[in-house]
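Please open the structure in your viewer and keep the sequence panel beside it, so that each selection can be followed in both places.

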Amino acid sequence: MAHVFVYGTLKRGQPNHKVMLDQSHGSAAFQGRGCTLESFPLVIAGEHNIPWLLHLPGKGHCVAGEIYKVDEQMLSFLDDFEGCPSMYQRRALQVQVLEWEGADDPGDRLQCFVYSTATYAPEWLHLPYHKNYDSEGPHGLRYNPRESSYRAPGTPFLLCFAPKMASPVTRDPAAVEYQKLNVLIPTYEI
């Protein structure tokens, strides 16, 4: 069993929380609330307004979230669900425990896995940093799930950045706006 800290759409009351409850993915038991011990930028970005924890320790805020105890099956499912390691990377971080409902009191700190990213468009650093994510929060950036936001485990995809538009006037790369693209790679059986 491992502890996972979730800060975005997997939290209770958020659009993807249902995957944490689906026992066909494995076991996930809510343990309590906490926040990252270090500060990180939590931004809302992309056409689907996804919350991203940028792996830049020391910038941003201590980010609030929930702590779950998960089995290996759920951890493997979450890796696939989060597009790990291409989209997000799973890292062990220290989390400050704020409220605890689990059986074993961990004290005031607990090491948890968290999904953050070191791969992001440069302009994301200039987006507002959030302390706590809510898909319907005052930021006005409603989460916009794709029709099929869930990829089957093992479905390959490519994460890349592409210019939104090329400027015929300038060749300055700093003047080009980038967008993050998740490209599913179809597989065929012969």
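Begin by selecting Glu99, which counts as partly exposed at 41% relative accessibility, and keep in mind that the model you are viewing is predicted. Now add Arg33 to the selection: the two residues form a salt bridge, with their closest N and O atoms 3.1 Å apart. Arg33 also counts as partly exposed, at 31% relative accessibility. Because Glu99 lies in strand E6 (residues 89-100) and Arg33 in strand E2 (residues 28-36), this pair ties together parts that are 66 residues apart in sequence. Side chains of opposite charge can pair when their charged atoms come close.

Next, select Asp79 and Arg90, which form a salt bridge in which the closest N and O atoms are 2.8 Å apart. Asp79 belongs to helix H2 (residues 72-81) and Arg90 to strand E6, and the two residues are 11 positions apart. If you switch on the surface, compare the partners: Asp79 is buried, with a relative accessible area of 14%, whereas Arg90 is partly exposed, at 30%.

Move on to Glu66 and Arg12, whose side chains meet in a salt bridge with an N to O distance of 3.3 Å. Glu66 sits in strand E5 (residues 64-70), while Arg12 is found in the loop between strand E1 (2-6) and helix H1 (18-21), 54 residues apart. Here Glu66 counts as buried, at 7% relative accessibility, and Arg12 as partly exposed, at 41%. The count of salt bridges in the structure comes to 3.

Now select Cys35 and Cys62, and ask why their sulfur atoms are not joined by a bond. The sulfur of Cys35 has its closest cysteine sulfur in Cys62, 5.4 Å away, which is too far for a bond, since a disulfide requires the sulfur atoms to be within 2.5 Å. The structure accordingly holds 0 disulfides. Cys35 is buried, with a relative accessible area of 11%, whereas Cys62 is partly exposed, at 37%.

Finally, clear the selection and colour the whole protein by secondary structure, where you can look for 2 helices and 9 strands. Following the sequence from its start, you should meet them in the pattern β-α-β-β-β-β-α-β-β-β-β. Of the 190 residues in the protein, 42% are buried, and the protein exposes about 10,600 Å², of which carbon and sulfur atoms supply 52%. Among contacts with a separation of 6 or more, 71% are between residues 24 or more positions apart.

Technical notes
Residues are numbered from 1 along each chain as its sequence is written. This is a predicted model: local features need pLDDT of at least 70, side-chain atom pairs count only at pLDDT 80 or more; totals for chains, interfaces and linings use all residues. Side-chain values use heavy atoms; hydrogens and water are left out. Buried means under 20% relative accessible area, exposed over 50%, partly exposed in between (1.4 Å probe, protein chains only). Helices (H or I, at least four residues) and strands (E, at least two) are DSSP runs, numbered from the N terminus. Contact means heavy atoms within 4.5 Å. Accessible areas come from the Shrake-Rupley method with a 1.4 Å probe; for residues, only the protein chains shown count as cover. A salt bridge is a side-chain nitrogen of Lys or Arg within 4 Å of a carboxyl oxygen of Asp or Glu.
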